[in-house]
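Reader: Please take a close look at how the nonpolar and aromatic side chains pack in this model. Give the cut-offs behind each term.

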Amino acid sequence: MALSAPPPARVFAELAPARALTPTPTPAPAPAGRGGPPGPPRREVHVSGSAELSASPDRARVSLRLSSRKEAAGAARSSVARRLEYIAQSARQRGVPEENMTVTEDFSRVENTYQMEAEVCIIFSDFGKMQNICNLLIEKLGTSITISPPHFYHTPEAVDTLRRQVCVAAVGNTRRKAQEVCRLFGQSLGKPLLIREEETKEWGGHVDSHLSNFPDSLTLQERIQNATAYASCRVFAVFEIKGKENRRNKLL
């Protein structure tokens with residue numbers, strides 16, 4: 001089998017040749033006392049750099065389902081109502097805001113009985129608190145309540161934070177690379193002249209509207225890992241080279 005050709009070499013840094021700051025035709029002699037010789041040529045270093053970061057989900061949504069079937073309508077309603085009140089009270093006592101709990105109810109007649117069903121959706125930002133509340137409800141309500149596995153996701157604010165952080169990290173890596181190149185040639189890095197974002201990628205993670213299809217057998221940590229979001233960024237930058245590196249600063 002013939003071997004494929006090796007990939008082309010990738011340039012990650014380049015010391016650009018010196019160039020004049022203002023490339024203009026030869027000027028006329030300056031009047032006495034005014035003007036002067038043109039500034040020294042500007043030297044540059046061109047560098048590309050990248051970064052990759054990840055962010056765990058910052059929210060989890062848990063659904064709790066209740067039902068009761070009785071011959072009397074009032075009995076079916078009150079059975080579910082008592083459990084709903086206990087769930088809401090337990091969550092409030094442990095710091096879950098009222099606005100993070102949503103209750104939907106459905107009342108119907110099935111043959112000669114009345115059936116009352118309810119679903120409580122609770123959004124958590126503290127996953128340890130979520131586990132404690134779910135364990136308590138299973139202990140106190142037993143089989144009369146069904147708790148779905150948590151759905152982990154990212155808020156828009158968390159996604160925006162990840163995007164900003166990975167871009168800042170890429171710029172920082174690029175500047176450090178430029179410093180290393182300059183030190184290799186005994187030069188001192190100057191100010192940035194250009195920073196351009198060349199590529200960004202995002203993968204993994206979930207948003208609130210995306211329902212995961214993970215099997216119920218996954219552990220909590222496995223679900224968090226599967227919902228982790230990743231982002232990468234590659235930038236190109238041009239820095240000015242100030243000149244010879246100060247040996248004293250180098251020693252410091």
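Author: Helices (H or I, at least four residues) and strands (E, at least two) are DSSP runs, numbered from the N terminus. On that basis the protein has 5 helices and 9 strands, which follow the order β-β-β-α-β-β-α-β-β-α-β-α-β-α from the N terminus on. The model is predicted, with pLDDT of at least 70 required for local features and 80 or more for side-chain atom pairs, while totals for chains, interfaces and linings use all residues. Residues are numbered from 1 along each chain as its sequence is written, and side-chain values use heavy atoms, leaving out hydrogens and water.

Of the 252 residues in the protein, 32% are buried (under 20% relative accessible area; exposed is over 50%, partly exposed in between; 1.4 Å probe, protein chains only). Contacts (heavy atoms within 4.5 Å) reach far along the chain: among those between residues at least 6 apart in sequence, 82% join residues at least 24 apart.

The packing centres on the largest nonpolar core (buried Ala, Val, Leu, Ile, Met, Phe, Trp, Tyr and Cys joined through side-chain atoms within 4.5 Å). It holds 27 residues, and Ile 87, Ile 122, Met 130 and Phe 152 touch the most other members. At least two core residues come from each of β3 (59–70), α1 (73–93), β5 (113–124), α2 and α4 (220–226). Helix α2 gives the largest share, 6 residues. With neighbours within four places in sequence left aside, Ile 87 is in contact with Leu 66, Val 120, Ile 122, Leu 137, Leu 141 and Ile 145.

The aromatic rings come next. Rings of Phe, Tyr and Trp (its six-membered ring) pair if their centres lie within 6.5 Å; planes under 30 degrees apart are stacked, over 60 edge-to-face, and the rest tilted. The count is 3 aromatic pairs. One of them, Phe 107 with Tyr 114, is stacked, at 5.8 Å centre to centre and 5° between the planes. Both rings belong to partly exposed residues: the relative accessible area is 30% for Phe 107 and 23% for Tyr 114. The pair of Phe 127 and Phe 152 is edge-to-face, with 4.9 Å between centres and 75° between planes. Because Phe 127 lies in helix α2 (residues 127–141) and Phe 152 in strand β7 (residues 151–153), this pair ties together parts that are 25 residues apart in sequence. Phe 127 is buried at 17% relative accessibility, and Phe 152 is buried at 2%.

Phe 107 also has a charged partner: Arg 77 lies over its face, 4.0 Å from the ring centre (NZ of Lys or CZ of Arg within 6 Å of that centre and within 35 degrees of the ring normal).

Two loop residues complete the picture. Glu 111 sits in the loop between β4 (101–110) and β5. Its phi is near 55°, a positive value in a residue other than glycine. Most residues other than glycine have a negative phi. Glu 111 is exposed, at 71% relative accessibility. Thr 228, in the loop between α4 and β9 (229–244), is buried, with a relative accessible area of 5%. A polar atom of the Thr 228 side chain lies 3.0 Å from the backbone oxygen of Ile 224. Beyond its neighbours within four places in sequence, Thr 228 is in contact with residues including Ser 54, Pro 57, His 154 and Trp 203.

How values were computed:
A polar contact is a pair of N or O atoms within 3.5 Å; within protein, one must be able to donate a hydrogen and the other to accept it, and residues adjacent in sequence count only if both atoms are side-chain atoms.
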